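Subject: A structure for you to look at

Hi there,

Here is the structure I promised to pass on to you. Please open it beside this email and follow along as you read.

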Amino acid sequence: LKLCHADPMVYKKHFRRSIRDKVSVAEDHKLIYIMLPKSGSSTARFMMETKFGAKEEAKNLNELGTGSLAHYNVFTFIRDPLSRFF
């Protein structure tokens with residue numbers, strides 16, 4: 001695991017800067033997709049927009065699942081980080 005080092009200056013755009021993050025919200029289907037860089041988010045955003053009519057919004061991630069968003073299904077995709085190094 002010594003090879004698994006991410007230089008924060010090289011990848012600074014990939015680290016979260018705030019608790020507000022970009023999500024795709026499909027009102028009719030009650031779906032929220034949380035976008036994570038380098039995990040297929042472009043494809044997922046395209047499918048959410050074309051198949052589910054989702055709109056991109058900035059949301060406070062701590063508020064997902066509460067208030068008016070309480071009945072939404074929230075999901076994301078991740079990749080095995082080690083596969084990117086070998």
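Below is a walk through what was found, going from the overall layout to single residues.

First, please keep in mind that this is a predicted model.

**The overall layout**

The protein contains 1 helix and 4 strands. If you follow the chain from its start, these elements come in the order β-β-α-β-β. Of its 86 residues, 23% count as buried. The accessible surface adds up to about 6700 Å², and carbon and sulfur atoms contribute 56% of that.

How much of the contact count comes from residues 24 or more positions apart? Taking the contacts with a separation of 6 or more, such residues account for 66%. You will meet some examples of distant partners below.

**Strand S2 and its partner**

A good place to begin is strand S2, which covers residues 31–34. Leu31 and Tyr33 sit on one side of S2, Ile32 and Ile34 sit on the other, and all of them are buried, so both faces of the strand are covered. S2 pairs with S4 in the parallel sense, over 3 bridges. Within this pairing, Ile32 stands opposite Val74 of S4.

Both of those residues turn up again if you look at Leu64. You can find Leu64 in the loop between strand S3 (55–60) and strand S4 (73–75). Is Leu64 buried or exposed? It counts as buried, because its relative accessibility is 14%, and the cut-off for buried is under 20%. Leaving out neighbours within four places in sequence, Leu64 is in contact with Ile32, Ile34, Lys59, Leu69 and Val74. The C-alpha atoms of Leu64 and Ile32 are 8.6 Å apart, although 32 residues separate the two along the chain.

**Ala26 at the end of S1**

Now turn to strand S1, residues 20–26, where you will find Ala26. Ala26 is buried, with a relative accessible area of 0%. Which residues does Ala26 touch, not counting those up to four places away in sequence? They are Leu31, Met48, Phe52, Ala54 and Tyr72. Ala54 is 28 residues away from Ala26 along the chain, yet their C-alpha atoms are separated by 4.0 Å.

Between S1 and S2 there is a loop, and Lys30 is found in it. Lys30 has a positive phi of about 55° although it is not a glycine. With a relative accessible area of 37%, Lys30 is partly exposed.

**The helix and its two sides**

Helix H1 runs over residues 41–52. Its 12 residues should span 16 Å at 1.5 Å a residue, and the end C-alpha atoms are 15 Å apart, which agrees.

Which residues of H1 are buried? Ser41, Ala44 and Met48 are. They lie on the same side of H1, because they cover an arc of only 60° around the axis. There is a simple reason to expect this kind of pattern: an α-helix has 3.6 residues a turn, so residues three or four places apart point the same way. On the other side of H1, Ser42, Thr43, Phe46, Glu49 and Lys51 are exposed. You may remember Met48 from earlier, as one of the residues that Ala26 touches.

Just after H1 comes Gly53, which takes a positive phi of about 65°.

**The aromatic rings**

Finally, have a look at the rings. How many aromatic pairs are there? The count comes to 3. One of them is formed by Tyr33 and Phe77, whose rings are tilted, with 5.9 Å from centre to centre and 50° between the planes. This pair links distant parts of the chain, as Tyr33 is in strand S2 and Phe77 is in the segment after S4, 44 residues apart. Tyr33 counts as buried at 0% relative accessibility, whereas Phe77 is partly exposed at 42%.

Phe77 also pairs with Phe75, this time edge-to-face, with 5.8 Å between the centres and 80° between the planes. Phe75 is partly exposed, with a relative accessible area of 29%. Together, Tyr33, Phe75 and Phe77 form one aromatic cluster.

Enjoy exploring, and write back with any questions.

Best wishes

Terms used:
Residues are numbered from 1 along each chain as its sequence is written. This is a predicted model: local features need pLDDT of at least 70, side-chain atom pairs count only at pLDDT 80 or more; totals for chains, interfaces and linings use all residues. Side-chain values use heavy atoms; hydrogens and water are left out. Helices (H or I, at least four residues) and strands (E, at least two) are DSSP runs, numbered from the N terminus. Buried means under 20% relative accessible area, exposed over 50%, partly exposed in between (1.4 Å probe, protein chains only). Contact means heavy atoms within 4.5 Å. Two strands pair if DSSP finds at least two bridges between them. Accessible areas come from the Shrake-Rupley method with a 1.4 Å probe; for residues, only the protein chains shown count as cover. The expected span of a helix is 1.5 Å times one less than its number of residues. The arc is that of the directions from the helix axis to the C-beta atoms. Rings of Phe, Tyr and Trp (its six-membered ring) pair if their centres lie within 6.5 Å; planes under 30 degrees apart count as stacked, over 60 as edge-to-face and the rest as tilted.
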